[in-house]
Amino acid sequence: LWPPVKQQKQFAITVQPPLRLSSNETVLVCISSIEVDIFPLLLESGLVEVLDQLGLQVQVKRSAAGARISICVDSNICPSRHSYSIQVRSDVTVIVAADSTGLLYALYTFMQ
């Protein structure tokens with residue numbers, strides 16, 4: 001094994017309850033990015049359509065207050081090209097991507 005077992009970092013894994021969305025709930029989607037216009041990608045990915053088919057009403061806004069899904073493009077957080085991070089918590093799902101391609105990949109993964 002490399003690195004040797006004594007040098008390997010130990011990671012604590014915390015399990016949080018999943019994000020639960022109820023039918024007829026209004027889902028606030030926060031899109032906060034100045035690098036990329038996220039709204040067209042949000043529509044192209046089909047996320048809004050999928051949430052609508054599940055009986056959820058979607059409102060897209062720029063502020064994070066009360067948002068259940070937060071979407072951001074930030075190459076400082078995801079430095080590798082086309083990379084993304086999805087964090088699902090009990091109160092919000094945070095999707096961060098390095099660029100527009102990474103955002104599409106993240107949205108497709110989230111919808112699965």
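A residue counts as buried here when its relative accessible area is under 20%. By that cut-off Cys 78 is buried, because its relative accessibility is just 5%. Keep in mind that this is a predicted model. Below is a quick tour of the cysteines, a tucked-away arginine and helix α1.

**Cysteines**
- Cys 72 is buried too, with a relative accessible area of 17%.
- Looking for disulfides? A search of the whole structure turns up zero.
- For Cys 78, the closest cysteine sulfur belongs to Cys 72, and at 8.9 Å that is too far for a bond. The cut-off for calling a disulfide is a pair of cysteine sulfur atoms within 2.5 Å.

**Arg 68**
- You'll find Arg 68 in the loop between β2 and β3.
- Despite being an arginine in a loop, Arg 68 is buried, at 18% relative accessible area.
- A polar atom of the Arg 68 side chain sits 3.4 Å from the backbone oxygen of Asp 91.

**Helix α1**
- Helix α1 covers residues 38-45, and its buried residues include Ile 38, Leu 41, Leu 42 and Ser 45.
- These residues are on the same side of α1, because they span an arc of only 105 degrees around the axis.
- In general, an α-helix has 3.6 residues a turn, so residues three or four places apart point the same way.
- The buried residues of α1 pack against two other helices, α2 (47-53) and α3 (100-111), and against the strands β1 (26-31), β2 (57-61) and β3 (69-73).
- Right after α1 comes Gly 46, which has a positive phi, near 90 degrees.

Conventions
Residues are numbered from 1 along each chain as its sequence is written. This is a predicted model: local features need pLDDT of at least 70, side-chain atom pairs count only at pLDDT 80 or more; totals for chains, interfaces and linings use all residues. Side-chain values use heavy atoms; hydrogens and water are left out. Buried means under 20% relative accessible area, exposed over 50%, partly exposed in between (1.4 Å probe, protein chains only). Helices (H or I, at least four residues) and strands (E, at least two) are DSSP runs, numbered from the N terminus. The arc is that of the directions from the helix axis to the C-beta atoms. Contact means heavy atoms within 4.5 Å. A polar contact is a pair of N or O atoms within 3.5 Å; within protein, one must be able to donate a hydrogen and the other to accept it, and residues adjacent in sequence count only if both atoms are side-chain atoms.
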